[in-house]
Amino acid sequence: MTIVVLGGTGKTGRRLVDTLRGRGEDVRVATRSSGTRFDWSDQNTWTAAVAGASALYLVAPQEPESAEVFVKQATEAGVRRFVALSGREIDKFPKDLLGMAAAERAVRDSGAEWTIIRSNNFNQNFDDPQIWLAPLREGRLALPIGDTPEPFIDTQDIADVAAAALTEEGHHERVYTLSGPRALTFGAAVAAIAKASGRSIRYEELTPEQYRDELLAQGASEEAAAELNALFAVMREGLYAEPCDDVQRVLGRAPIDFDTYVARAASAWR
């Protein structure tokens, strides 16, 4: 069977592609720059991406209306199994992440087999140039999160669970909540990164107003600053601060610990 991986060069997608190919699966990478081009904003790219495929890893679009149309087209083309990446407590997320909620609804209503993966924040956000890598390299990560801890999830764990759901039986109509094995504050996370990289890096707590001002000074729009502050407001409520055991249940092993991730990625912050 052919498995389509949307976002196959992204943080979860590229690891999923490697995992599936390591198992001998036929994988089709579908991105805006891959051999099979896929662009959420260009429906002309959708047909070739799903042609002849039987399973698909769905990374949601930002535009909620696109999810239902695409999933319907994919099922009509023969896709019979979907694994959709979503976020933990997605119903309480700010409006900019409604694409994930729409993708969940679309696969549930598709008539195909479906599995939904709801994850915590990724370990790999700390070494992502578009998220927290730059401020960590500059020696200061400043956020409005307080002392609310989070059990960050490693993207390899997400990839391994997704691979199981795409290729094995027993995962239909399951919603898996994926987290790391223990919760730690952002301050503790930054301290672990500083120790592993041998650099002086500190965490600084900001008020939402201070965070907004810093984002605007960096060139962010008022809308983007408001959306990020809304996201951190949800996080401060502690709605996904507790570790979950779904990685253990699906894979039969413990999830990757944050310290293990930091040791592997230490060179990124040097």
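Me: Which residues in helix 4 are buried?
Reply: Happy to start there, and please keep in mind that this is a predicted model. Helix 4 runs over 98-108. Its buried residues are Gly99, Ala101, Ala102, Ala103, Glu104, Ala106 and Val107.

Me: Why does glycine 99 count as buried?
Reply: Glycine 99 has its place in helix 4. Buried means under 20% relative accessible area. Glycine 99 counts as buried because its relative accessibility is 1%.

Me: What is glycine 99 in contact with, leaving aside its neighbours within four places in sequence?
Reply: A helpful start is serine 66, which lies 33 residues from glycine 99 along the chain, while the two C-alpha atoms are separated by 8.2 Å. With neighbours within four places in sequence left aside, the contacts of glycine 99 are Ala60, Pro61, Gln62 and Pro64.

Me: Which elements do the buried residues of helix 4 pack against?
Reply: Let's go back to the buried set, which includes Ala102 and Val107. The buried residues of helix 4 pack against one helix and against strands. These elements are helix 3, strand 4 (55-59), strand 5 (81-87) and strand 6 (113-119).

Me: What is the order of the strands in the open sheet of seven strands?
Reply: The pairing in this open sheet is parallel. At its edges are strand 3 (36-37) and strand 8 (174-178), each pairing on one side only. Strand 8 pairs with strand 6 in the parallel sense over five bridges, and here isoleucine 117 stands opposite tyrosine 176 of strand 8. The full order is 3-2-1-4-5-6-8.

Me: Which helix supplies the largest share of the lining of the second largest pocket?
Reply: This pocket has a volume of about 160 Å³, and its lining includes Pro64, Glu68, Arg105 and Asp109. Helix 3 (64-76) and helix 4 each supply at least two residues of that lining. The largest share, five residues, comes from helix 3.

Me: How many residues in the lining of the second largest pocket are charged?
Reply: Glu65, Lys72 and Ser110 are among the residues of this lining. By class, the lining has four nonpolar residues and one polar residue, and the number of charged ones is five.

Me: Which element gives the largest share of the largest nonpolar core?
Reply: This core has 34 residues, of which Phe126, Leu136, Phe186, Phe258 and Trp269 touch the most other members. Among the elements that give two or more residues to this core are helix 5 (133-138), strand 7 (140-143), helix 7 (186-197) and helix 11 (258-265). The largest share, six residues, comes from helix 7.

Me: Which residues is tryptophan 269 in contact with, leaving aside its neighbours within four places in sequence?
Reply: Trp269 is one of the core residues that touch the most other members. Leaving aside neighbours within four places in sequence, its contacts are Phe126, Asp127, Leu133, Leu136, Arg137, Ile193, Ser197, Arg199, Tyr261 and Val262.

Me: What is the volume of the largest cavity?
Reply: A search of the whole structure finds two cavities of 30 Å³ or more. Residues including Ile145, Phe186 and Met235 line the largest cavity, and its lining has six nonpolar, two polar and one charged residues. Its volume is about 50 Å³.

Me: How many charged residues are in the lining of the second largest cavity?
Reply: About 30 Å³ of space lies in this cavity. Among the residues that line it are Arg81, Glu113, His171 and His172. One residue of the lining is nonpolar and four are polar, and the number of charged ones is four.

Note on methods
Residues are numbered from 1 along each chain as its sequence is written. This is a predicted model: local features need pLDDT of at least 70, side-chain atom pairs count only at pLDDT 80 or more; totals for chains, interfaces and linings use all residues. Side-chain values use heavy atoms; hydrogens and water are left out. On a 1 Å grid over the protein atoms alone, a cavity is a set of points where a 1.4 Å probe fits but cannot get out, and a pocket is an open set with protein on both sides within 12 Å along at least five of seven lines; lining residues have an atom within 4 Å of a point. Grid points are joined across faces, edges and corners, and a volume is the space filled by probe spheres set on the points. Helices (H or I, at least four residues) and strands (E, at least two) are DSSP runs, numbered from the N terminus. Ala, Val, Leu, Ile, Met, Phe, Trp, Tyr, Cys and Pro count as nonpolar, Asp, Glu, Lys and Arg as charged, and the others, Gly among them, as polar. Buried means under 20% relative accessible area, exposed over 50%, partly exposed in between (1.4 Å probe, protein chains only). Contact means heavy atoms within 4.5 Å. A nonpolar core is a set of buried Ala, Val, Leu, Ile, Met, Phe, Trp, Tyr and Cys residues joined through side-chain atoms within 4.5 Å. Two strands pair if DSSP finds at least two bridges between them.
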